[in-house]
Amino acid sequence: MSTLRDLVEEHTSLEPVDIEHLHRLAGDWQLVSDLSFADLLMWVPLAGGGRFVCVAQVRPTTAPTAYQDDQVGRIAGGPEVAHLAIARDQGRIWLKPRAVSSSCSSPQGW
């Protein structure tokens, strides 16, 4: 099974600091997954756009999983992941770090 680092290095041009951030984020997801009774999948856009690779999956311990098979390493595109492409195009998925506004504590764009 591929690790998050292996998949990101193989399919993207993210820097090591970005990959470490993805690791920390996925590490904190277990509580969120349990509280929401849902699987959480981390999708990373592939170069060229339109397709994404699943680099992490967290399954709830409080409910049955929604996926019979492990989704890590799965590449998806088209209508199946159209919501990800829309969110990316609307700036809801950040591709680059953004400055924090001095008037509020949330990043600009929220």
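**Exercise 1. The surroundings of methionine 42**

Task: List the residues that methionine 42 touches, leaving out those up to four places away in sequence.

Solution. Start with the ground rules. The model is predicted, so local features need pLDDT of at least 70 and side-chain atom pairs count only at pLDDT 80 or more, while totals for chains, interfaces and linings use all residues. Residues are numbered from 1 along each chain as its sequence is written, and side-chain values use heavy atoms, without hydrogens and water.

Step 1. Apply the contact criterion: heavy atoms within 4.5 Å. Methionine 42 then touches Leu4, Leu22, Leu25, Ala26, Trp29, Val53, Cys54, Val55 and Ala56.

Step 2. Place methionine 42 in a core. A nonpolar core is a set of buried Ala, Val, Leu, Ile, Met, Phe, Trp, Tyr and Cys residues joined through side-chain atoms within 4.5 Å. Buried means under 20% relative accessible area, exposed over 50%, and partly exposed in between, with a 1.4 Å probe and protein chains only. The largest such core has 15 residues, and Met42 is among those with the most contacts inside it, along with Leu4, Val8, Leu22, Val53 and Val55.

Step 3. Ask which elements build this core. Helices H1 (4–11) and H2 (16–27) and strands E1 (40–45) and E2 (51–58) each give two or more residues. E2 gives the most, with 4 residues. Helices (H or I, at least four residues) and strands (E, at least two) are DSSP runs numbered from the N terminus.

Step 4. Look for another core. A second, separate one has 8 residues, including Leu41, Cys54, Ala76 and Ala85. As background, nonpolar side chains in soluble globular proteins tend to be buried together.

**Exercise 2. The charge at aspartate 39**

Task: Find what the side chain of aspartate 39 reaches, and check for a salt bridge.

Solution. Step 1. Locate the residue. Aspartate 39 sits in the loop between helix H3 (29–36) and E1.

Step 2. Test for a salt bridge, meaning a side-chain nitrogen of Lys or Arg within 4 Å of a carboxyl oxygen of Asp or Glu. Aspartate 39 is buried and has none. Lys and Arg count as positive, Asp and Glu as negative; His and chain ends are not counted. The nearest side chain of opposite charge is arginine 59, 4.3 Å away.

Step 3. Test for polar contacts. These are N or O pairs within 3.5 Å; within protein, one atom must be able to donate a hydrogen and the other to accept it, and residues adjacent in sequence count only if both atoms are side-chain atoms. The side chain of threonine 65 makes one with the side chain of aspartate 39, at 2.6 Å. The backbone nitrogen of alanine 66 lies 2.8 Å from the aspartate 39 side chain.

Step 4. Widen to other contacts. Beyond four places in sequence, the contacts of aspartate 39 include Ser33, Gln57, Val58, Pro60, Pro64 and Tyr67.

**Exercise 3. The E1–E2 hairpin**

Task: Describe how E1 and E2 pair and what happens at glycine 48.

Solution. Step 1. Strands pair if DSSP finds at least two bridges between them. E1 and E2 are antiparallel, with 6 bridges.

Step 2. Pick a facing pair. Proline 45 is opposite phenylalanine 52 in E2.

Step 3. Inspect the turn. The hairpin has 5 residues between its strands, and glycine 48 there takes a positive phi near 100 degrees.

Step 4. Check burial. In E1, 5 of the 6 residues are buried.

**Exercise 4. Salt bridges**

Task: Which residues do shared salt-bridge partners join into one network?

Solution. Step 1. Count. There are 3 salt bridges.

Step 2. Take arginine 5. Arginine 5 bridges glutamate 9 at 3.8 Å, N to O; both lie in H1, 4 residues apart, about one turn of the helix. Arginine 5 also bridges glutamate 20 at 2.0 Å, N to O. That pair links distant parts of the chain, H1 and H2, 15 residues apart.

Step 3. Add the other pair. Arginine 74 and glutamate 80 have their closest N and O atoms 2.0 Å apart.

Step 4. Join up. Arg5, Glu9 and Glu20 form one network.

Step 5. Read accessibility. Glutamate 9 is partly exposed at 48%. Arginine 5 is partly exposed at 24%. Glutamate 20 is partly exposed at 34%.
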